[in-house]
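Work through the exercises below with the structure open. Try each task before reading its solution.

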Amino acid sequence: MRMDRRLFFSVIFLLMSLFILHAKVESTPFEDTVVIPAGIPLHQNAVEKTEKDIERAFGIKISEGLAGEDASRWAPDDLAFLYGLIDSLPPYFTRMPDSIKLSKETDYSSQMMTSVTMFVGFVTNMDLTVKTDTLQRNKETLRYIYIHEFAHCLWFDHKNIQSLWERAFWPGGKAEPPSITDYGNSNIMEDFAESIAVYVASPTELLKKNHERYDFIERHVVSLR
Ligand SMILES: [Zn+2]
């Protein structure tokens with residue numbers, strides 16, 4: 001019995017010592033002298049993995065614009081956001097870009113962008129280019145921009161929608177009734193992209209402010225498979 005008590009107190013003493021030692025190690029201040037190695041993209045592995053995931057899941061090739069420029073590199077968060085966004089798209093987005101490229105510098109003059117002051121991205125031949133600055137915008141805006149660009153792919157892929165949209169809203173080469181946004185009034189493609197973007201972001205707003213376009217999308221776009 002006496003031995004048991006001694007053993008008991010020894011164990012308690014040992015546990016208390018360990019606890020104090022642990023607390024001391026935890027609280028000892030020290031300074032790390034880790035230096036970030038220059039020129040090594042620390043997230044490259046995460047970026048490449050998500051790029052592959054996007055290509056495998058959606059068949060979209062992700063690439064960077066000007067090689068070697070840090071400012072035109074995808075960050076892991078940018079790609080994770082993009083993956084989540086594409087994954088959550090409704091099924092009527094039947095045609096996605098073949099590739100999504102990030103670019104710091106883009107040639108505005110060749111893209112018919114003269115009237116656009118707030119240039120964020122464009123689609124040519126099913127390839128989407130996103131300007132690096134665009135990724136700095138808040139997530140809601142970024143989501144709207146991506147949907148707008150994806151809507152261009154939908155438009156290019158459905159000639160029947162193009163002619164129906166023209167007959168319904170651009171019979172005289174002008175938006176009739178006016179588009180849901182000013183930018184949508186600039187031409188028929190932007191009208192469609194803006195209408196889809198608003199429909200996805202806030203269908204009730206589109207219904208309230210532009211029920212003609214809401215009805216069109218409900219009837220001809222949502223049924224796409
Ligand atoms: Zn557009």
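Helices (H or I, at least four residues) and strands (E, at least two) are DSSP runs, numbered from the N terminus. The model is predicted: local features need pLDDT of at least 70, side-chain atom pairs count only at pLDDT 80 or more, and totals for chains, interfaces and linings use all residues. Residues are numbered from 1 along each chain as its sequence is written.

**Exercise 1.** Place M126 and classify its exposure.

Solution. M126 sits in the loop between β3 and β4. Its phi is near 65°, a positive value in a residue other than glycine. Now count neighbours: a residue is buried with 20 or more other C-beta atoms within 10 Å of its own, exposed with 12 or fewer, and partly exposed in between, with C-beta atoms placed from the backbone. M126 has 15, so it is partly exposed.

**Exercise 2.** Treat N125 likewise.

Solution. N125 lies in the loop between β3 (121-124) and β4 (127-131). Phi is near 50°, positive in a residue that is not glycine. N125 has 8 C-beta neighbours inside 10 Å, so it counts as exposed.

**Exercise 3.** Find the peptide bond from E176 to P177 and describe it.

Solution. Go to the loop between α5 and α6, where P177 is placed. The E176 to P177 bond is cis, with omega near -5°.

**Exercise 4.** Locate A168 and state its exposure.

Solution. A168 belongs to helix α5 (residues 159-169). It has 14 C-beta neighbours inside 10 Å, so A168 is partly exposed. Last, check E212: it is 44 residues from A168 along the chain, with their C-alpha atoms 8.7 Å apart.
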